[in-house]
2 protein chains.
Amino acid sequence: MAKRFKKKERQEKLKEKLSEDPFLTDEELTEIFDVSIQTIRLDRLELGIPELRERVKNVAENNYSKVRSLGGKEIVGELVDLQLGKSGISILETDKNMAFEKTNVIRGHHIFAQAESIAMAVIDADVALTGVANIKYKTPVKAGEKLIAKAEVVRIRGNKYFVHVFINVSQKQVFRGKFILVVIE
Amino acid sequence: MAKRFKKKERQEKLKEKLSEDPFLTDEELTEIFDVSIQTIRLDRLELGIPELRERVKNVAENNYSKVRSLGGKEIVGELVDLQLGKSGISILETDKNMAFEKTNVIRGHHIFAQAESIAMAVIDADVALTGVANIKYKTPVKAGEKLIAKAEVVRIRGNKYFVHVFINVSQKQVFRGKFILVVIE
DNA sequence: CTAAGTTTTAGTAACAGGTACTAAATTGAA
DNA sequence: TTCAATTTAGTACCTGTTACTAAAACTTAG
């Protein structure tokens, strides 16, 4: 069973290598492991690892939406209702990519990002900035749950807007936060 | 020169389309613009737009490191010091991708993510969860500034950890937050 | 040692989504 | 009508694969 061990070992390292660097071609892998290209392909097949182009595409797609939802787009979650200067509602469908691998619990900053972003969306101004936020996470959110965020402007003082945001998962509150947004010209 | 106008117009829209959705094949583009595949290819050539696979690869490569710091990795920012159960320091170099396009001000949730993540890093346990956070943004952070986050465990009560996090940009405090982290097994 | 099984290697056809090139057809305007 | 710009057609070739067949090499039990 010495050979079989070698195979298993190689496949373990292959998994590692590709998760470190998904941009490696089969040919490059043959050089790393000093086996034929067929062996690499058999290994990938057995491990269910897709081909280079698929892997690259996955990386691209994953963070294309991530960038768009965490960095690129102006709003995190889908805006379903908006009364500028008054209130707004957004929905965010969570998935495993937003969660800790081990526990499947959604990372706090995703929830925060949705809250912050709906708070800013309701402000009737070009750009706003989070000034102060007093927030509270009430229950952990699991991947797959649908976050419904409601934002309400409660007070306006000069260029300062006070906005309350509540996020629920099926009627149950999971987050509340008070934002003070400052309009900048 | 009506035809030339049509060509230019098509090329403009092509650029737009592809920046919106870089995952479109030439074939899909022929259907959108109702021209032959050769025309699409000539257009791409004239505009210097690379082929699908190159575009996908670019998206993947550009954001690969970003994903690892915003979604994939367990910690946002670079850990420069860590005393498990006591304190930790992380550094986050901000860039334009983390900022609002118009103002160049870093989005709040990036700062929050760094704070949350260093707070969790100092906990000497496998998994922790943000329970409550009382946070305050003091000054806006501009793209390019280096965020230095210091976390300190101030109290431990059962499975609850009270952690204070302060983030500075060159000696000036830009954020402070108190986290209550709950260890889960 | 030998037969049987496992693992590895070789080789082929086909595929997607192209590039690069040549050449012909279409269109618009002078 | 004629000339140039534009569009279309068609071919050979490329990369990194899948899917498949088949043979070689190694392992191990009997």
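Before looking at any helix pair I noted that axes are lines fitted to C-alpha atoms, for helices over the stretch in contact, and that angles run from 0 to 180 degrees between N-to-C directions. I also noted that this is a predicted model.

**Entry on two helices of chain B**

I looked up helix 2 (residues 26-33) of chain B and helix 3 (residues 37-47) of chain B, and found that their axes come within 9 Å and cross at roughly 105 degrees. Since angles of 65 to 115 degrees count as roughly perpendicular, helix 2 of chain B is therefore roughly perpendicular to helix 3 of chain B. I then listed the residues that make this contact: helix 2 of chain B contributes B:D26, B:E27, B:L29 and B:T30, while helix 3 of chain B contributes B:I37, B:I40 and B:R41. Sorting the residues of this contact by character, I counted three nonpolar, one polar and three charged.

**Entry on strand 2 of chain B**

Which side chains of strand 2 (residues 87-93) of chain B are buried, and which are not? I found that the side chains alternate along the strand, with B:G88, B:S90 and B:L92 pointing to one face and buried, whereas B:S87, B:I89, B:I91 and B:E93 point to the other face and are not buried.

I next looked up the pairing partners of this strand. Strand 1 (residues 78-83) of chain B runs antiparallel to strand 2 of chain B and is joined to it by five bridges. In the hairpin that these two strands form, three residues lie between the strands, and B:G85 takes a positive phi near 85 degrees. Strand 2 of chain B also pairs with strand 4 (residues 146-157) of chain B, again in the antiparallel sense, over seven bridges.

I followed B:S90 through both pairings: B:L79 stands opposite B:S90, and in strand 4 of chain B the bridge partner of B:S90 is B:A149.

**Entry on a loop of chain A**

I turned to the loop between strand 5 (160-169) and strand 6 (172-184) of chain A, where A:S170 lies, and where A:Q171 lies as well. A:S170 has a positive phi of about 40 degrees although it is not a glycine, and A:Q171, likewise not a glycine, has a positive phi of about 75 degrees.

Are these loop residues buried or exposed? Because a residue counts as exposed if 12 or fewer other C-beta atoms lie within 10 Å of its own, I recorded A:S170 as exposed, with 8 such atoms within 10 Å, and A:Q171 as exposed, with 6 other C-beta atoms within 10 Å.

Notes. Residues numbered from 1 in each chain as written. Chains lettered and ligands numbered in written order. Predicted model: local features only at pLDDT ≥ 70, side-chain atom pairs only at ≥ 80, totals over all residues. Helix = DSSP H or I, 4+ residues; strand = E, 2+ residues; numbered from the N terminus. Parallel < 35°, antiparallel > 145°, perpendicular 65-115°, else oblique. Contact = placed C-beta atoms within 7 Å. Nonpolar A, V, L, I, M, F, W, Y, C, P; charged D, E, K, R; others polar. Buried ≥ 20, exposed ≤ 12 C-beta atoms within 10 Å, placed from the backbone. Pairing = 2+ DSSP bridges.
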